[in-house]
Amino acid sequence: MNEKKWLLFFSDVQPRRHTVIRQVLCNKRTVSSLFWGMQYHILDWLNVEPNLNEQEFDLQITKLCNENYLEVTPTGLVLSPNGIIQKSNYQKSNYIITEPKLFQHINEKQWLDLLPLLIQVVSELSYHNRHYYVVSSSIRTQLFFRAWYQTVNNKEELVTSLKHLLEAFLERFPKEQADIFMSLFSGHKTIGKTVQQVAMVLPDFSYEDVTTLWRDLGMQFALFLLRGDSVFKKLVVPINTEERLSKSASITYQLFNERQNIERIAKRRRLRISTIKEHLLESAILCDNFPYDSLITVEDYEIMTKTFTGDVTNWDYNQLSNRIEFFKYRLFQIERSKKIG
């Protein structure tokens, strides 16, 4: 992997901690990583790199520092003048995911295992061929696909329908990108190219670029199907969720919206009060229209408004001298961040 990719998540004016960036990318959620990810404006990238190796990532960041692309400050890392140039060069010469938010909502692993199977089956169907080896996919994916396939009444219509959908979807992309995407699929008497094979014949696309393009367009095609009304939509619906919150935080937030207080929710869910507060902080960060004033009193607002001004990342909780608990302070920071942002 080209470690210069990580320069995309750093700024030349805002010091950033690389541990936060890593946690956001691999969807390791803590209130701290979500809060600072919000301050860095990178929460759209939650779960884009679910298999990111901590040790390898840290070594790559160290290399970027040693090459003077990143500079160390007391509060984090910033892009050096050379780092700014390298970041710009990377953006111009490499393929970058354009819809990172999708990786929070659509099960990438299952969908990108399912999509090649769908393309192959429909391709073979167009030639009325029933005897072929399916592309590599998990047994679970094959069973899921078979269950859907058996519900389709007019299977012959799948051929023209999928063809038209792919054409409509791919026309929004440059021809070269569309061609790369389709070249990775197997079909009737056609074996899909490997990522390495594609990269070898395209000087402007590295192995990493082709892989990233495949992931990006694959997930966008899932969204394209979700927004339509074709029979293929039913393949994506079960592996899609609009929820941004973790499952446990979502339950807590639902109870909170039912006007149950923190203590009662903790007792009902048999969780610590501190855990419930963490869930509510996650909800405040990731959800719109959070009811801050149901937790922060008028007096609290008055004290904190008089105490803090400017960039919330420069505030110091100690200025409150324990007059207000940290939970309310963090909520106030989140609210002010969203109003400024």
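**Exercise 1. Which helices are included in what covers the buried residues of α7?**

A friendly reminder before you start: this is a predicted model.

*Solution.*
- Step 1: Find the helix. Helix α7 spans residues 139-149, and its buried residues include T141, F145, W148 and Y149.
- Step 2: Check which way these residues point. They cover an arc of only 100° around the axis, so they sit on the same side of α7.
- Step 3: Turn to the other side of α7, where I139 and R140 are exposed.
- Step 4: Now look at what lies over the buried residues. The cover includes α6 (108-126), α8 (157-170) and α12.

**Exercise 2. Find where N27 and K189 lie, and decide what is notable about their backbone angles**.

*Solution.*
- Step 1: Recall the background. Most residues other than glycine have a negative phi.
- Step 2: Read the angle at N27. Its phi is near 65°, a positive value, and N27 is not a glycine.
- Step 3: Place N27 in the chain. The loop between α1 (18-25) and α2 (31-39) holds this residue.
- Step 4: Judge the exposure of N27. Its relative accessible area is 26%; buried would require under 20% and exposed over 50%, so N27 is partly exposed.
- Step 5: Repeat for K189. Here phi is positive at about 55°, again in a residue that is not a glycine.
- Step 6: Place K189, which is found in the loop between α9 (175-183) and α10 (195-201).
- Step 7: Judge the exposure of K189. With a relative accessible area of 79%, K189 is exposed, because the cut-off is over 50%.

**Exercise 3. Describe how strands β1 and β2 are joined**.

*Solution.*
- Step 1: Locate the strands. β1 covers residues 70-73 and β2 covers residues 76-79.
- Step 2: Work out direction and pairing. The two strands run antiparallel and are joined by 4 bridges.
- Step 3: Pick out a facing pair. T73 stands opposite G76 in β2.
- Step 4: Follow the chain from β1 to β2. The connection is a hairpin through 2 residues.

**Exercise 4. Where is V237 found, and what separates its C-alpha atom from that of I106?**

*Solution.*
- Step 1: Place the residue. V237 is in the loop between α12 (233-236) and α13 (247-257).
- Step 2: Classify its exposure. A relative accessibility of 44% makes V237 partly exposed.
- Step 3: Compare chain and space. V237 and I106 are 131 residues apart along the chain, while their C-alpha atoms are separated by 8.9 Å.

Technical notes: Residues are numbered from 1 along each chain as its sequence is written. This is a predicted model: local features need pLDDT of at least 70, side-chain atom pairs count only at pLDDT 80 or more; totals for chains, interfaces and linings use all residues. Side-chain values use heavy atoms; hydrogens and water are left out. Buried means under 20% relative accessible area, exposed over 50%, partly exposed in between (1.4 Å probe, protein chains only). Two strands pair if DSSP finds at least two bridges between them. The arc is that of the directions from the helix axis to the C-beta atoms. Contact means heavy atoms within 4.5 Å.
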